[in-house]
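Reader: I want to learn how to read a fold from its strands, helices and contacts. Can we work through a case together?

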Amino acid sequence: MTTIEVAGVPVERDSEGFLLHTGQWTSQIATDIASENGIPELTPRHWQVVEFMRERYLATGTAPSIRSLGKESGVPIKELYQLFPKGPAKLAAKIGGIPKPRGCI
Amino acid sequence: MTHRIVILGGGTGGTLVANRLRRRYDEDEATIAVVDKDDRHVYQPGLLFVPFGLADVDEIVKPRHRQLHAGIEFHQTEIDRVVLAEDRVLLSDGATLPYDVLIVATGVTLQPEETEGLTGPGWRERMFTFYDVPGAEQLSRALNDFDGGRMVVNLVDMPIKCPVAPLEFAFLADSYFTERGIRDRVELVYVTPLDGAFTKPVASEHLAGLLSAKGIELVTEFAVGEADGEGGRLVSWDEREVPFDLLVTVPLHGGAPYVERSEGLGDAVGFVPTDPTTLQSLARPNVFALGDATNVPISKAGSVTHFEGETLTENVVRFLAGQELSASYDGHANCFIETGFGKALLIDFNYETEPLPGRFPTAVGPLPLLKESRLNHLGKLMFQWLYWHALLPGRDIPGISPAMSTSGKERLPEPV
């Protein structure tokens, strides 16, 4: 577990950098985590995805998979990979302050 | 009053639950109907062996209706849709089945057409899947004709049935080409969208070690956006490329097509949102689901379906009696992993406990966990008999309980 400080408030995260408490999330935290992961600026397209993820997680308790994002967030999969390099679902969840999507094994 | 129980799907889950429920109710207490589009029950773990000539299709396929006990109706037809608001199922042959309890057990549908190019030129010529009977047979011929080059084993994206199967395929291919004396002319590559060989950390490290020991290259975080059969290359969404001469892929999976036509039943890709511990669907209290058809966060695998079956049967009985449901399914899964040359690993895990080294079913063995052994391979072969003669009829398998046991597992320090 690690702690980052955002605007003077300590925020707890797991070893991979996901927030432990979704309720602590703020848009400032999103921006900070994004830049930590090589995204210098969150554009409106980024926000569309992050907000969709958060809403879906808070409503259902599960973070959507990359395929559901491609079908339902309004952003096609190709663009998701451009916006959030490598693992869009994982990175957007991290930026949105929700737990890592459970990889179904 | 006679309860009406309708079960959609006559595969592993539908069959074992139908047989278990038939034993719980006399025929005047409940009618049980099973619906499936065909009468071919495939022992799916057997598909892995078909391409290597280690199993024949007629050994692994039997009539569905013959696996169902007396007093269970079998309807062979496609399902048009479920009308949740009216508690009935519309069948494609025009019949209607009203129900008091509905059980969804229609598994997954392979969706190769969802990946650009995959069903285009080269599909089933140099790009194959062994996840269905025709594919496994075609691949058997292709492997026979293959005498050197670059073979890529891939899964397009999770979730897939039996997530270890593509790894097993790579291991068996290494063994197969070695026995044919041409291993030095074959380049084997394993391409996965995951960040390691597998999802769970301890097993992932173990399996990555095995790939490397067998000279199989591992390419991670590669999410296939396009398969180019003419050019012989996989292209990822972030525009990396992996060339191949022969591709063995596991296509995207979705739910059965009728799920999407049934308002309120499934999610965006056709899986049924289901309570992970009671197996009641979130759609309606009188709808339950098990096996590959659900969205519960554990492997899509026969062992999972088997363990879920016990909880689901109990909960259907409780529901019909107006009692509280039992939240007893813990995500227990186990599977043998073929590693080639007559050996296999065994893993055993649940929602909370990842696969760990140790012994199974208890500390005194006899089967080693996460370790290659001849005995595990024999266990895998023996399981096929147990499947037809104990698991499908709904009998308990001695020593194997639905709840995972931690006895025999070596505890590892919690990650910091």
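Reader: In which sense do strand E6 and strand E7 of chain B pair?

Author: Start with the general idea. Strands of a sheet pair through backbone hydrogen bonds, either parallel or antiparallel. Now the case, in a model that is predicted. Strand E6 (residues 79-83) and strand E7 (residues 88-91) of chain B pair in the antiparallel sense. They do so over 4 bridges. Ile79(B) stands opposite Leu91(B) in E7(B).

Reader: How many residues lie between the strands in the hairpin of E6(B) and E7(B)?

Author: That hairpin has 4 residues between its strands. One of its residues, Asp87(B), takes a positive phi near 50 degrees.

Reader: What is the order of the open sheet of 3 strands in chain B?

Author: The order is E15-E16-E17 in chain B, with antiparallel pairing. Strand E15 (224-228) and strand E17 (241-243) of chain B are the edge strands, and each pairs on one side only. Neighbouring strands of this sheet are turned by 20 degrees against each other on average, with direction ignored. Look inside the sheet next. Strand E16 (residues 233-236) of chain B runs antiparallel to E17(B), and 3 bridges join the two. Leu234(B) has Val242(B) in E17(B) as its bridge partner.

Reader: Which pairing does the open sheet of 5 strands in chain B show?

Author: Its pairing is parallel, and the order is E5-E2-E1-E9-E20 in chain B. Strand E5 (72-76) and strand E20 (287-289) of chain B stand at the edges. Each has a single partner strand, so one side of each is left without a neighbour in the sheet. The average turn between neighbouring strands of this sheet is 20 degrees, direction ignored. Take one pair: strand E1 (residues 3-8) and strand E9 (residues 101-104) of chain B run parallel, joined by 4 bridges. In that pair, Ile5(B) stands opposite Val101(B) in E9(B).

Reader: Which strands does helix H1 of chain B touch?

Author: Helix H1 (residues 12-24) of chain B packs on the sheet and touches E1, strand E2 (30-36), E5 and E9 of chain B. The direction of H1(B) makes about 170 degrees with that of E2(B).

Reader: Zoom out. How many helices and strands does the secondary structure of chain B come to?

Author: Chain B comes to 8 helices and 24 strands. Its radius of gyration is 21 Å, close to the 22 Å that the globule rule gives for 416 residues, so chain B is as compact as a globular protein of that length. The C-alpha trace of chain B spans about 70 × 50 × 45 Å along its principal axes. Buried residues make up 47% of the 416 residues in chain B. Now filter the contacts in chain B to residues at least 6 apart in sequence: 66% of these join residues at least 24 apart.

Reader: Now helix against helix. At what angle do helix H2 and helix H5 of chain A pack?

Author: Two packed helices are described by the angle between their axes and the distance between the axes. Here, helix H2 (residues 44-60) and helix H5 (residues 88-95) of chain A pack at about 80 degrees, with their axes 9 Å apart. H2(A) and H5(A) are therefore roughly perpendicular to each other. Val49(A), Val50(A) and Met53(A) of H2(A) make the contact with Ala92(A), Ala93(A) and Ile95(A) of H5(A). By class, that contact has 6 nonpolar, no polar and no charged residues.

Reader: Last one. How many residues does the contact take from chain A and from chain B?

Author: It takes 16 residues from chain A and 20 residues from chain B. On the side of chain A that touches chain B, helix H3 (66-72) and helix H4 (77-83) of chain A are the elements that give two or more residues. H3(A) gives the largest share, 5 residues. By class, the residues of that side divide into 6 nonpolar, 4 polar and 6 charged.

Key:
Residues numbered from 1 in each chain as written. Chains lettered and ligands numbered in written order. Predicted model: local features only at pLDDT ≥ 70, side-chain atom pairs only at ≥ 80, totals over all residues. Rg over C-alpha atoms; globule rule 2.2 N^0.38 Å. Buried ≥ 20, exposed ≤ 12 C-beta atoms within 10 Å, placed from the backbone. Contact = placed C-beta atoms within 7 Å. Pairing = 2+ DSSP bridges. Axes fitted to C-alpha atoms, helices over the stretch in contact; angles between N-to-C directions. Nonpolar A, V, L, I, M, F, W, Y, C, P; charged D, E, K, R; others polar. Parallel < 35°, antiparallel > 145°, perpendicular 65-115°, else oblique.
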